[in-house]
Structure formats: structure tokens, C-alpha cells
Amino acid sequence: MPATTAGPVRYVWAAARIAIGWVFLWAFLDKLFGWGLATPAAKAWTNGASPTAGFLKGTADHTLGGLFTTLAGQPWVDWLFMTGLAAIGTALILGVGMRIAATTAGLLLLMMWAAELPLTTNPFMDEHIVYAIALIGLALTGAGTTLGLGTQWAATPLVRRYPILK
């Protein structure tokens, strides 16, 4: 076992995995039900509001704003975004499908980062990039095997046949 996944370090990676998973799952739940922390009830998806409209419409004055504002509120974008948040969050918390979860989460974060360019507080670095880097670490260290179902997931016939699903 590599030094980065042995001993106490594996618990740090597991905690990071669960924490980042909760960030994604909470974003899904809050946008779905509008529990009033980031999303007011009136803007909940269950109340007919678009989970992508607020953020994407707010990018109009940014470098790629033209592209992202045309996506805002599109039903297929809302479904893709919400499905992604739920699936990524669940996979990370459970420790299954880490490669796909980390890859799709990284792509989602990079698109959100690109939508905000130019950044107002730093020339290029923000939390989206930091999370994406951490997600790469989660996938590379096998973080789903500690405090997660990664070992059992990897032993399934499906994952043994298609290791990309680890």
C-alpha cells in the first residue's frame, strides 16, 4: 500500500471525501427543496424554479458569459446539473465510483470556474480549482476504501470487468 493511503493519512482522505461529497449532496438537496440556507423555498426546483438560472444568469458580464447565460434555465441543463450533484455527492459519501465521481465533479467545478472568469479576488485560483485538485487526490489514493464501500464496490463483477468504474 502506498504511504499516502496507509495509517492515519487514509482517514484524512476519507474525511475529505465525505466532506466534499456532502458539499455536492447538500447543494442538490438545498436546490431541490429550498431549505432556506443558500436557496429560498420560492426558488426550489420542487417549486418550479430553475437550479441553474441564478448562477448562470449572473455570469453575463464575465468572459464566457454569453455561453453560460444561454444555458441558464434550460430544462436539460437543470436535469443534468441536479443529477450530477446528487450522483457525485452520493458516490463520494459512499466511496464508490470514485474515478467517475472525481472526473465528473472536476469537470463541473472547472465549468463553474470558467463561468466566473475573470475572477475578482485572484488571477486564476479559487475554491473550484482547489476542490478539483482534492478530487484528483481522492481518486488517486483510493479514498473510497476507508470509511466507505470502495473495497466491496471494486469486488463486484461489473467493476472487475470495467475497472474505470472504481
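Against which helices do the buried residues of H6 pack? The legends below describe close-up views of a predicted model, beginning with this helix.

**Figure 1. Helix H6 and its packing partners in the predicted model.** The buried residues of H6 pack against H1, H4 and H5. These buried residues are His128, Ile129, Ala132, Leu135, Gly137 and Leu138. The helix has 14 residues, and the distance from its first C-alpha to its last is 20 Å, close to the 20 Å expected at 1.5 Å a residue. After H6 comes Gly142, whose phi is positive, near 65 degrees.

**Figure 2. Surroundings of His128 in helix H6.** With a relative accessible area of 7%, His128 is buried, because this value falls under the 20% cut-off. Its side chain makes a polar contact of 2.9 Å with the side chain of Asp126. Not counting residues up to four places away in sequence, His128 touches Leu109, Met112, Trp113 and Glu116.

**Figure 3. Helix H1, residues 9-33.** At 1.5 Å a residue, the 25 residues of H1 should span 36 Å, and the end C-alpha atoms are indeed 36 Å apart, so the expected and modelled spans agree. The buried residues in this helix are Ala14, Arg17, Ile20, Gly21, Phe24, Leu25, Phe28, Leu29, Asp30 and Leu32. An α-helix has 3.6 residues a turn, so residues three or four places apart point the same way. The cover over the buried residues of H1 includes helix H4 (75-94), helix H5 (98-115) and helix H6 (127-140). Gly34 follows H1 and has a positive phi, near 60 degrees.

**Figure 4. The aromatic cluster formed by Trp22, Trp26, Phe33 and Trp35.** The model contains 4 aromatic pairs. In one of them, the ring centres of Trp22 and Trp26 lie 5.8 Å apart with the planes at 40 degrees, so the pair is tilted. Both residues belong to helix H1, where they are 4 residues apart, about one turn of the helix. Trp22 has a relative accessible area of 42% and is partly exposed. Trp26, at 24% relative accessibility, also counts as partly exposed.

**Figure 5. The aromatic pair of Trp45 and Trp79.** This pair is edge-to-face, with 4.8 Å centre to centre and 70 degrees between the planes. Trp45 lies in the loop between H1 and helix H2 (53-57), whereas Trp79 lies in helix H4, so the pair ties together parts that are 34 residues apart in sequence. Trp79 counts as exposed, because its relative accessibility of 55% is over the 50% cut-off.

**Figure 6. The largest nonpolar core, with 23 residues.** In soluble globular proteins, nonpolar side chains tend to be buried together. Within this core, Phe24, Phe28, Met82, Leu85, Leu92, Leu135 and Leu138 touch the most other members. H1, H4, H5 and H6 are the elements that give two or more residues to the core. H4 provides the largest share, 7 residues. Leaving aside its neighbours within four places in sequence, Leu92 is in contact with Arg17, Ile20, Gly21, Phe24, Met98, Ala101, Leu135 and Leu138. Another core, of 8 residues, lies apart from the largest one, and its members include Phe68, Ala72, Ala114 and Leu119.

**Figure 7. Thr59 in the loop between H2 and helix H3 (65-71).** Thr59 is buried, with a relative accessible area of 2%. Its side chain reaches the backbone oxygen of Leu56 at 2.6 Å. Leaving aside neighbours within four places in sequence, Thr59 is in contact with Gly65, Phe68, Thr69 and Ala115.

**Figure 8. Lys166 in the segment after helix H8 (157-161).** Lys166 counts as partly exposed, at 39% relative accessibility. The C-alpha atoms of Lys166 and Trp153 are separated by 7.1 Å, and the two residues are 13 residues apart along the chain. Leaving aside neighbours within four places in sequence, Lys166 is in contact with Gly97, Met98, Arg99, Trp153, Ala154 and Val159.

Terms used. Residues numbered from 1 in each chain as written. Predicted model: local features only at pLDDT ≥ 70, side-chain atom pairs only at ≥ 80, totals over all residues. Heavy atoms only, no water. Expected span 1.5 Å × (residues − 1). Buried < 20%, exposed > 50% of the residue type's maximum accessible area, 1.4 Å probe, protein only. Contact = heavy atoms within 4.5 Å. Polar contact = N/O pair within 3.5 Å; in protein donor to acceptor, adjacent residues only side chain to side chain. Phe/Tyr/Trp six-rings, centres within 6.5 Å; stacked < 30°, edge-to-face > 60°. Core = buried A, V, L, I, M, F, W, Y, C linked by side-chain atoms within 4.5 Å.
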